[in-house]
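Here are my comments on the structure you asked me to look over, set out as numbered points. Please read them with the sequence and the picture side by side.

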Amino acid sequence: IENLLPHDASGWPWATFLINLSGAFVLGGLLEALARLGDDSGWRQRARLCAGTGGCGAFTTYSTFALEVVLLGRHGHLQTAIGYGVLSVVGGLVAAWLGIVVAASVHRRRTSA
């Protein structure tokens, strides 16, 4: 994805931003779906740990996000660094919430059908 959406030292790191938001969305949906299936034990706990912590954790990249914020600031692009940092965190929360909403909606449709 970084090859498709490259950025220079002054630009918005779109690849990392979009990866992290999509990972937050998937994690929110996964956790909501698992929570609706029952308590956090057995196969649900293993699925949460493997797919959530392992899969989404490997897909998203907090370390790259942190490095990009530091490099933007170090190269004199403080406004971009702050905006990127704030929008990544807030956007991640919104994306996770949207994942929860979508998973809950799918669950409601399946149970009402």
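Does phenylalanine 17 count as buried or exposed? Point 4 takes this up, after some remarks on the chain as a whole.

1. What kind of model this is. Please keep in mind throughout that this is a predicted model, and that the values below are computed from it.

2. The overall build. The protein chain has four helices and zero strands, and when it is read along the sequence the pattern is α-α-α-α. Its radius of gyration is 17 Å, whereas a compact globule of 113 residues would have a value near 13 Å. In line with the principal axes, the C-alpha atoms fill a box of roughly 55 × 25 × 25 Å. I would read these descriptions together when looking at the picture.

3. Surface, contacts and charges. Of the 113 residues in the protein chain, 27% count as buried. The accessible surface comes to about 7100 Å², and 68% of this surface belongs to carbon and sulfur atoms. If one takes the contacts between residues at least 6 apart in sequence, 66% of them join residues at least 24 apart. The chain carries 8 positive and 6 negative charges, and the mean positions of these two groups are 12 Å apart.

4. The aromatic residues. A search of the whole structure finds seven aromatic pairs. In one of them, the rings of tryptophan 14 and phenylalanine 17 have their centres 5.7 Å apart and their planes at 85 degrees, and because an angle over 60 degrees counts as edge-to-face, the pair is given that name. Both residues lie in helix 1, which covers residues 14–37, and they are three residues apart, about one turn of the helix. Their exposure can be set side by side: tryptophan 14 has a relative accessibility of 43% and therefore counts as partly exposed, while phenylalanine 17, at 11%, counts as buried because the limit for that word is under 20%. This answers the opening question: phenylalanine 17 is buried.

5. A pair between two helices. Phenylalanine 17 also forms an aromatic pair with tyrosine 84, and this pair is tilted, with 6.3 Å from centre to centre and 50 degrees between the planes. The pair links distant parts of the chain, since phenylalanine 17 belongs to helix 1 and tyrosine 84 to helix 4, 67 residues apart. Tyrosine 84 is buried, as is phenylalanine 17. Both are members of one aromatic cluster, which is formed by Trp12, Trp14, Phe17, Tyr62, Phe65 and Tyr84.

6. Two further residues of helix 4. Tryptophan 97 is found in helix 4, and with a relative accessible area of 52% it counts as exposed, because the limit for that word is over 50%. The C-alpha atoms of tryptophan 97 and alanine 24 are separated by 8.6 Å, although the two residues are 73 residues apart along the chain. Isoleucine 100 is found in helix 4 too, and its relative accessible area of 34% makes it partly exposed. Between the C-alpha atoms of isoleucine 100 and leucine 30 there are 7.9 Å, with their places 70 residues apart along the chain. If residues up to four places away in sequence are not counted, isoleucine 100 touches Gly28, Gly29 and Glu32.

7. Alanine 47 in helix 2. Where does alanine 47 lie? It lies in helix 2, which runs over residues 42–59, and at 21% relative accessibility it counts as partly exposed, because buried would require a value under 20%. Leaving out residues up to four places away in sequence, alanine 47 touches Leu30, Leu34 and Gly52. Alanine 47 and alanine 24 are 23 residues apart in sequence, and their C-alpha atoms are 16 Å apart in space.

8. A glycine in a loop. Glycine 76 has its place in the loop between helix 3 (62–74) and helix 4 (78–112). It is exposed, with a relative accessible area of 61%. The C-alpha atoms of glycine 76 and serine 10 are separated by 8.3 Å, while along the chain these residues are 66 residues apart.

Conventions. Residues are numbered from 1 along each chain as its sequence is written. This is a predicted model: local features need pLDDT of at least 70, side-chain atom pairs count only at pLDDT 80 or more; totals for chains, interfaces and linings use all residues. Side-chain values use heavy atoms; hydrogens and water are left out. Buried means under 20% relative accessible area, exposed over 50%, partly exposed in between (1.4 Å probe, protein chains only). The radius of gyration is taken over C-alpha atoms; the globule rule is 2.2 Å times the number of residues to the power 0.38. Contact means heavy atoms within 4.5 Å. Accessible areas come from the Shrake-Rupley method with a 1.4 Å probe; for residues, only the protein chains shown count as cover. Lys and Arg count as positive and Asp and Glu as negative; His and the chain ends are not counted. The place of a charge is taken as NZ of Lys, CZ of Arg, CG of Asp or CD of Glu. Rings of Phe, Tyr and Trp (its six-membered ring) pair if their centres lie within 6.5 Å; planes under 30 degrees apart count as stacked, over 60 as edge-to-face and the rest as tilted.
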